Each structure stands twice: as C-alpha cells, then as structure tokens.
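Hi,

Here is the structure I promised to pass on. Have a look at it first, and then read my notes below.

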Amino acid sequence: MNKDVFTQSLKSHLKRLGYNQEQLSKMLDVSQPYISALVSGKKPFGKETAEKWQQTLGFSAGWLLTGEGPMLVNNSVNDLVNTQRAKHVAHLSKRLCAFHL
C-alpha cells in the first residue's frame with residue numbers, strides 16, 4: 001500500500017474513533033510527538049507498538065507493519081467505534097458524577 005494511502009486511512013479511522021493525538025498518547029503510554037510521527041508516516045511502526053495498537057484500538061498489527069491485509073482485527077468497524085464510544089461515555093459519566101458529589 002502506498003504510504004499516503006496508509007497514513008490517510010489511519011488518520012481517517014482514528015478520527016472516526018474520536019481520538020486526538022494527546023488522548024492516544026495517554027492511552028498508549030507514549031509521547032504525543034511519537035504518535036504524530038507514526039500517524040504522519042515519518043516513523044514506521046515496530047512490532048511491539050503495532051501489537052499495542054492492535055490490543056488497544058483494534059488495528060491489525062500486520063496492517064500497521066506492512067500496509068497489507070485488513071486494517072482492523074475486528075472487521076466490523078461500527079462495532080469497534082461503538083465500543084470505543086461507550087468506553088469514552090462511561091469515563092465521562094464517572095467524571096461528571098465525581099464532579100457533582
């Protein structure tokens with residue numbers, strides 16, 4: 001897969017999930033500049049990083065490493081998006097409850 005197509009696909013899906021680079025850096029326990037370098041294609045994914053993205057975000061480690069095959073482990077994009085949104089809503093709800101107490 002062409003590097004530009006890869007990075008555009010990655011950015012598009014991250015946007016659909018609703019995560020910005022700062023949120024991703026916290027979720028994945030890495031720096032925001034590192035996330036930026038990966039998403040922009042300036043730095044390639046390593047095996048460990050790709051596996052972490054697979055476990056955390058549902059991207060296929062193989063796709064992140066090679067650009068080939070399915071982008072997601074779970075081929076149902078809507079299921080993944082809904083799961084991530086549900087986690088985000090639950091997190092926000094907890095914060096709101098704590099704020100009101």
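Let me start with confidence, given as pLDDT (the predictor's confidence in each residue, from 0 to 100). Among the elements of the chain, helix α6 (residues 77-100) has the lowest mean pLDDT, 67, while α3 has the highest, 97. Helices here are DSSP runs of H or I with at least four residues, strands are E runs of at least two, and both are numbered from the N terminus. Over the chain the average pLDDT is 86, and 82% of the residues score at least 70. Where pLDDT is low, the predicted coordinates should not be read in detail.

Some housekeeping: this is a predicted model, in which local features need pLDDT of at least 70 and side-chain atom pairs count only at pLDDT 80 or more, whereas totals for chains, interfaces and linings use all residues. Residues are numbered from 1 along each chain as its sequence is written, and side-chain values use heavy atoms, with hydrogens and water left out.

Now α3 itself. I35, A37, L38 and V39 are buried there (buried is under 20% relative accessible area, exposed over 50%, partly exposed in between, with a 1.4 Å probe and protein chains only). Those buried residues pack against α1 (3-17), α2 and α4. At the N-terminal end, S31 acts as the cap, with a side-chain oxygen 3.2 Å from the backbone nitrogen of Y34. G41, just after α3, has a positive phi of about 85°.

In α4 (residues 47-57), the buried residues are T49, A50, W53 and L57. They line one face of the helix, because they fall within an arc of 100° seen down its axis (the arc is that of the directions from the helix axis to the C-beta atoms). K47, E48 and Q55 are exposed on the other side of α4.

Next, the largest nonpolar core (buried Ala, Val, Leu, Ile, Met, Phe, Trp, Tyr and Cys residues joined through side-chain atoms within 4.5 Å). It has 19 residues, and L10, L14, F45, W53, L57, F59 and L64 have the most contacts inside it. Two or more residues come from each of α1, α2, α3, α4 and α5 (61-66), with α1 giving the most, four. Leaving out residues up to four places away in sequence, F45 touches F6, L10, L38, A50, W53, L64 and L65 (a contact is heavy atoms within 4.5 Å).

One oddity: D29, in the loop between α2 (21-28) and α3 (32-40), has a positive phi of about 60° without being a glycine.

Cheers

Note on methods:
Polar contact = N/O pair within 3.5 Å; in protein donor to acceptor, adjacent residues only side chain to side chain.
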